[in-house]
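Open the model in your viewer and keep the sequence panel beside it. This tour goes from stop to stop, saying what to select and what is there.

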Amino acid sequence: MAGGNERSMKALKEVWKRAENSLCADCGKPDPDWASSTLGVFICLSCSGIHRNIPSISKVKSLKMDYWDDAQVQFLAKHGNAVTKAIYEAHIPIYYYQPTYNDCQVLREQWIRAKYERKEFTEPGKQLPYSDGVKEGILWKRGRDNGQFLPRKFLLSEREGCLKYFTKQDAKEPKINVKIDVINATFQPEKIGNPNGLQITYLKDNKTRNIFVYHESGKEAVDWFNAIRSVQFHYLKVAFPIASDNEIKNRLTRNFLKEGYMEKTGPKQREAFKKRWFTLDHRRLMYFKDPLDAFAKGEVFVGSGENGYSVQKGLPSGTQGNFSWHYGITIVTPDREYLFTCETESDQLEWIRAFTSVINQAMTPQEYAIEAYFKFKS
């Protein structure tokens, strides 16, 4: 901390090492080494970049490289993460998604702006753009067949418990009408090629259907995301009246456990391995020819270890299908084995960790019903 006097340095270190300041105030990343001299929070390098874009609210400095005068250190000591969170996070709706350092830029930026710039959570009962049970607007949707993004009107309704979209603004009948309880939403900026890209997934006849959308405004995209969570939360509160708020919160939108390319072979295990895009959505392993396909080419149910499911490193000896990637994975189910190969060893180990995390969990009654459907279908 160049230029800092000894007394200020010592006082700063004392405040910095408090337990409450050991995680970034905005994303939870350990060991933050930046702070806001106007808000009094300790933050990580990545979040400091977002703060720097709202200079009227937050002025950030490095705790290691910048000079902190006595008044600034005293301000940090008086505030810190706990005090500041108690002000700016006092009334966060239970359904609002609070991003971590693993989440994409748009989620983290809009979380920070919602807290400090728009002060959305400082007052109880404040009317929020995603909290009134209905949301209508234009999202750019990717065409299922032509791959073009075109503006489409979307309507989310808590009263009707559904999400609709219309191919024309004046259309009376929607193109789709999806029940809110079968919807998932997750941000996919890299896959979609837009920083505000959102993947909406729902089940149709127990098959997964993907819709890819974006909005030019990051705030609007995140508002849609939290509006979906809000409507889902209130719908599930009615459907499961004895469930706690936290139990329902855990059933709202979820990130995929793992995505990426692998090679796969067919059930006879003698066919050539083909490169496919895979998505592990809890117990559903889906594979696509292209990451932006609307429908999966196939789905595999991944059950629990106590029901005969396991994951093994490598391929069975004597595997005959030709493959170009050499880091194999075998998924064992009660009915058959599924064989995959990964391009790198790190990919292989990440997939194995993801499969293991699912297999180690006990199955719910609903998941037994899904397993029965998969067995009937096959």
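The tour starts with the whole chain, then moves to aromatic rings, charges over rings, and single residues.

**The whole chain**

Show the cartoon first, and keep in mind that this is a predicted model. The chain holds 10 helices and 17 strands. Draw the C-alpha trace: along its principal axes it spans about 75 × 55 × 45 Å. The chain has 378 residues, and 48% of them count as buried.

Now switch on the surface. The accessible surface comes to about 18800 Å², and carbon and sulfur atoms account for 50% of that. Colour by charge next: there are 56 positive and 46 negative charges, and the mean positions of the two sets are 3 Å apart.

How far apart in sequence are the residues that contacts join? Among contacts between residues at least 6 apart in sequence, 52% join residues at least 24 apart.

**Aromatic rings**

Select the Phe, Tyr and Trp side chains. A search of the whole structure gives 20 aromatic pairs. One of them is Y95 with Y130, an edge-to-face pair with 6.4 Å between the centres and 85 degrees between the planes. Where in the chain do the two residues of this pair lie? Y95 is in the loop between α4 (80-88) and α5 (105-117), and Y130 is in the loop between α5 and β4 (134-142). The two are 35 residues apart, and the pair links distant parts of the chain. Both Y95 and Y130 are buried.

Go on to F301 and Y309. Their ring centres are 6.0 Å apart and their planes stand at 70 degrees, so this pair is edge-to-face too; the cut-off for that label is an angle over 60 degrees. F301 and Y309 are each buried.

Return to Y95 and Y130 and add Y96, W111, F121 and F233 to the selection. Ring pairs link these six residues, Y95, Y96, W111, F121, Y130 and F233, into a cluster.

**Charges over rings**

Select K61 and W68. The charged end of K61 sits over the ring of W68, at 4.8 Å from the ring centre. Then select K275 and Y261 for another such arrangement: here the charged end of K275 sits over the Y261 ring, 4.5 Å from its centre.

**Two buried residues**

Select Q232, which is found in helix α7 (residues 218-239). Is Q232 buried or exposed? Its relative accessible area is 4%, so Q232 is buried. Show what surrounds it: not counting residues up to four places away in sequence, Q232 touches I180, I183, L252 and T253.

Next, select L339 in strand β17 (residues 337-342). L339 counts as buried because its relative accessibility is 2%, and the cut-off for buried is under 20%. Which residues is L339 in contact with, leaving aside its neighbours within four places in sequence? They are E263, K264, T265, Q269, F273, L315, P316, T319, I329 and T330. To place L339 within the chain, draw a line from its C-alpha atom to that of K237: the two residues are 102 apart along the chain, and the line is 41 Å long.

**Two residues with positive phi**

Most residues other than glycine have a negative phi. The next two stops depart from that pattern.

Select K119, in the loop between α5 and β4. K119 is not a glycine, yet its phi is positive, about 50 degrees. With a relative accessible area of 41%, K119 is partly exposed.

Then select H282, in the loop between β12 (274-281) and β13 (284-288). H282 is not a glycine either, and has a positive phi of about 55 degrees. Its relative accessible area is 24%, so H282 is partly exposed.

**Last stop: V134**

Select V134 in strand β4. V134 counts as partly exposed because its relative accessibility is 43%. Leaving aside neighbours within four places in sequence, V134 is in contact with L155 and L156. Finally, add E160 to the selection: V134 and E160 are 26 residues apart in sequence, and their C-alpha atoms are 9.5 Å apart in space.

Methods:
Residues are numbered from 1 along each chain as its sequence is written. This is a predicted model: local features need pLDDT of at least 70, side-chain atom pairs count only at pLDDT 80 or more; totals for chains, interfaces and linings use all residues. Side-chain values use heavy atoms; hydrogens and water are left out. Rings of Phe, Tyr and Trp (its six-membered ring) pair if their centres lie within 6.5 Å; planes under 30 degrees apart count as stacked, over 60 as edge-to-face and the rest as tilted. Helices (H or I, at least four residues) and strands (E, at least two) are DSSP runs, numbered from the N terminus. Buried means under 20% relative accessible area, exposed over 50%, partly exposed in between (1.4 Å probe, protein chains only). A charge sits over a ring if NZ of Lys or CZ of Arg is within 6 Å of the ring centre and within 35 degrees of the ring normal. Contact means heavy atoms within 4.5 Å. Accessible areas come from the Shrake-Rupley method with a 1.4 Å probe; for residues, only the protein chains shown count as cover. Lys and Arg count as positive and Asp and Glu as negative; His and the chain ends are not counted. The place of a charge is taken as NZ of Lys, CZ of Arg, CG of Asp or CD of Glu.
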